[in-house]
Amino acid sequence: LFALNSGFMVAQAQAFAKRVEAAGASDEERVTAAYRLAFGRPPEPAERELALRFLKLPTKPDDKLTRWGQYAQVLLASNEMMYVD
């Protein structure tokens, strides 16, 4: 819950989203950049498709983060990011 509710994690997600948004011209390029930065690998096709569908959803008036900020927060809070196998 810390990764989803912490002000620190929200700030990190915003910074990560800003970096990723500058890393590509299209959402597909940005998703690939986000995976490379966060996980050191390209996204699987299903991961890319899910990300692109999520990024196309409209934001809600009470959203605290942009859609890219929300996506960045999800990546930062993911199991793959939090634990080393």
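Student: In this predicted model, is F54 buried, partly exposed or exposed?

Tutor: With a relative accessibility of 24%, F54 counts as partly exposed, because the buried class takes in only values under 20% and the exposed class those over 50%. Y71, by contrast, is buried, with a relative accessible area of 7%, and W68 is buried as well, at 10%.

Student: How many aromatic pairs are there, and how should I read one of them?

Tutor: A pair of aromatic rings is described by the distance of the centres and the angle of the planes. The count here comes to three aromatic pairs. In one of them, the ring centres of F54 and Y71 are 6.3 Å apart and the planes stand at 35°, so this pair is tilted. Since F54 belongs to helix α4 and Y71 to helix α5, the pair ties together parts that lie 17 residues apart in sequence. For W68 and Y71, the centres are 5.8 Å apart and the planes are at 85°, so that pair is edge-to-face.

Student: Where do W68 and Y71 sit relative to one another along the chain?

Tutor: Both are in helix α5, and being three residues apart they are separated by about one helical turn. Taken together, F54, W68 and Y71 are linked into a cluster by ring pairs.

Student: Which residues touch the most other members of the largest nonpolar core?

Tutor: In soluble globular proteins, nonpolar side chains tend to be buried together. In this model, the largest nonpolar core has 18 residues, and those touching the most other members are F16, V31, Y35, W68, Y71 and L75. At least two residues of this core come from each of α2 (7–21), α3 (27–39), α4 (45–56) and α5 (67–76). If residues up to four places away in sequence are set aside, F16 touches A34, L37, A38, A72, L75 and L76.

Student: Which residues of α2 are buried, and how are they arranged around the helix axis?

Tutor: The buried residues in α2 are M9, A13, F16, A17 and V20. Viewed down the axis of α2, they fall within an arc of 105°, so they line one face of the helix. On the face turned away from that buried side are the exposed residues G7, F8, K18 and R19.

Student: What caps the N-terminal end of α2, and what span should the helix have?

Tutor: The cap is S6, which places a side-chain oxygen 3.0 Å from the backbone nitrogen of F8. As for the span, 15 residues at 1.5 Å a residue should give 21 Å, and the end C-alpha atoms of α2 are 21 Å apart, which agrees.

Note on methods. Residues are numbered from 1 along each chain as its sequence is written. This is a predicted model: local features need pLDDT of at least 70, side-chain atom pairs count only at pLDDT 80 or more; totals for chains, interfaces and linings use all residues. Side-chain values use heavy atoms; hydrogens and water are left out. A nonpolar core is a set of buried Ala, Val, Leu, Ile, Met, Phe, Trp, Tyr and Cys residues joined through side-chain atoms within 4.5 Å. Buried means under 20% relative accessible area, exposed over 50%, partly exposed in between (1.4 Å probe, protein chains only). Helices (H or I, at least four residues) and strands (E, at least two) are DSSP runs, numbered from the N terminus. Contact means heavy atoms within 4.5 Å. The expected span of a helix is 1.5 Å times one less than its number of residues. The arc is that of the directions from the helix axis to the C-beta atoms. A polar contact is a pair of N or O atoms within 3.5 Å; within protein, one must be able to donate a hydrogen and the other to accept it, and residues adjacent in sequence count only if both atoms are side-chain atoms. Rings of Phe, Tyr and Trp (its six-membered ring) pair if their centres lie within 6.5 Å; planes under 30 degrees apart count as stacked, over 60 as edge-to-face and the rest as tilted.
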